[in-house]
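Welcome! Here is a short briefing to help you find your way around a structure you have not met before. Have a look at it first, and then we can walk through its parts together.

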Amino acid sequence: QVQLVESGGGLVQPGGSLRLSCAASGSIVGINDMSWYRQVPGKQRELVATSTSVGSTNYADPVKGRFTISRDSAKNTVYLQMNNLKPEDTAVYFCKADVGITFGRSRIYWGQGTQVTVSS
C-alpha cells in the first residue's frame, strides 16, 4: 500500500507564494510520473503540472512562468512552488503519482488534496 501525504496549502495574499509538498510512502520500487492537479467546486479537475521520471516537466498554460514542479527522488517527494499567486489559483490541489510497486507493475495513487486560497 502507498500513501501520498500533502502539505503546504493555506491562505495567501495575491502575489504571494506557497510551496506544496507531496510525500509518497509505503512499498515503493520507484515513482514514474508525478503530477499536480487542482479542482474548483463545480468544475472538472485539471492538470496543473507534471514531472516525469526522466526529468521533463509540463505546465498548464495558466501557471506557466509562475509555478515550478520539482522532485526529490531520495524522499519520494514532489513539490509545487507557486509564485505570484492569483485569486484564480484558488482550488483544492491534488497530488497524483504513478508508483512502481514491483518490477513491471505500477499503480496510480492520489493524495487527499490540500486547499489553496488566494484572497485579499
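**A first look at the core**

The largest nonpolar core has 28 residues, and those touching the most other members are Leu4, Trp36, Val48, Phe67, Leu80, Met82 and Tyr93. Two or more residues of this core come from each of strand E1 (2-7), E3, strand E4 (30-39), E5, strand E7 (67-72), strand E8 (77-82), E9 and E11. Strand E9 is the biggest giver, with six residues. Please keep in mind that this is a predicted model.

**More on the core**

- As general background, nonpolar side chains in soluble globular proteins tend to be buried together.
- Leu80 is a good place to start exploring: leaving aside neighbours within four places in sequence, Leu80 is in contact with Leu18, Arg19, Leu20, Trp36, Val48, Ala49, Phe67, Thr68, Ile69 and Tyr93.
- Among these contacts of Leu80 are Trp36, Val48, Phe67 and Tyr93, which also appear in the list of core residues that touch the most other members.

**The disulfide**

- The structure holds one disulfide, and its partners are Cys22 and Cys95, with sulfur atoms 2.2 Å apart.
- This pair links distant parts of the chain, since Cys22 sits in strand E3 (residues 18-26) and Cys95 in strand E9 (residues 91-102), 73 residues apart.
- The link of Cys22 and Cys95 is left-handed, with -85 degrees about the S-S bond.
- Are the two cysteines buried or exposed? Cys22 counts as buried because its relative accessibility is 0%, and Cys95 counts as buried because its relative accessibility is 0% too.

**Arg45 and the aromatic rings**

- Which ring has the charged end of Arg45 over it, 3.7 Å from its centre? That ring belongs to Phe94.
- Arg45 also lies over the face of Trp110, at 4.8 Å from the ring centre.
- Apart from these charge-over-ring arrangements, the structure holds one aromatic pair.

**Thr50 in strand E5**

- Thr50 is part of strand E5, which covers residues 46-51.
- With a relative accessibility of 11%, Thr50 falls under the 20% cut-off, so Thr50 counts as buried.
- A polar contact of 2.9 Å connects the side chain of Thr50 to the side chain of Ser35.
- Not counting residues up to four places away in sequence, Thr50 touches Asp33, Met34, Ser35, Ser56, Thr57, Asn58 and Ile69.

**Gln112, in a loop**

- Where is Gln112 found? Gln112 belongs to the loop between strand E10 (105-110) and strand E11 (114-118).
- Gln112 and Ser7 are 105 residues apart along the chain, while their C-alpha atoms are separated by 10 Å.
- Once residues up to four places away in sequence are set aside, Gln112 touches Leu4, Val5, Glu6 and Phe94. You have already met Phe94 as a ring under the charged end of Arg45.

**Gln115, in strand E11**

- Gln115 lies in strand E11 and is partly exposed, because its relative accessible area is 39%.
- The side chains of Gln115 and Thr117 are joined by a polar contact of 3.3 Å.
- Between Gln115 and Thr90, 25 residues apart along the chain, the C-alpha separation is 7.8 Å.
- Thr90 is also one of the residues that Gln115 touches, along with Gly9, Gly10, Ala91 and Val92, not counting residues up to four places away in sequence.

Definitions and conventions:
Residues are numbered from 1 along each chain as its sequence is written. This is a predicted model: local features need pLDDT of at least 70, side-chain atom pairs count only at pLDDT 80 or more; totals for chains, interfaces and linings use all residues. Side-chain values use heavy atoms; hydrogens and water are left out. Helices (H or I, at least four residues) and strands (E, at least two) are DSSP runs, numbered from the N terminus. Buried means under 20% relative accessible area, exposed over 50%, partly exposed in between (1.4 Å probe, protein chains only). A polar contact is a pair of N or O atoms within 3.5 Å; within protein, one must be able to donate a hydrogen and the other to accept it, and residues adjacent in sequence count only if both atoms are side-chain atoms. Contact means heavy atoms within 4.5 Å. A disulfide is a pair of cysteine sulfur atoms within 2.5 Å. Rings of Phe, Tyr and Trp (its six-membered ring) pair if their centres lie within 6.5 Å; planes under 30 degrees apart count as stacked, over 60 as edge-to-face and the rest as tilted. A charge sits over a ring if NZ of Lys or CZ of Arg is within 6 Å of the ring centre and within 35 degrees of the ring normal. A nonpolar core is a set of buried Ala, Val, Leu, Ile, Met, Phe, Trp, Tyr and Cys residues joined through side-chain atoms within 4.5 Å.
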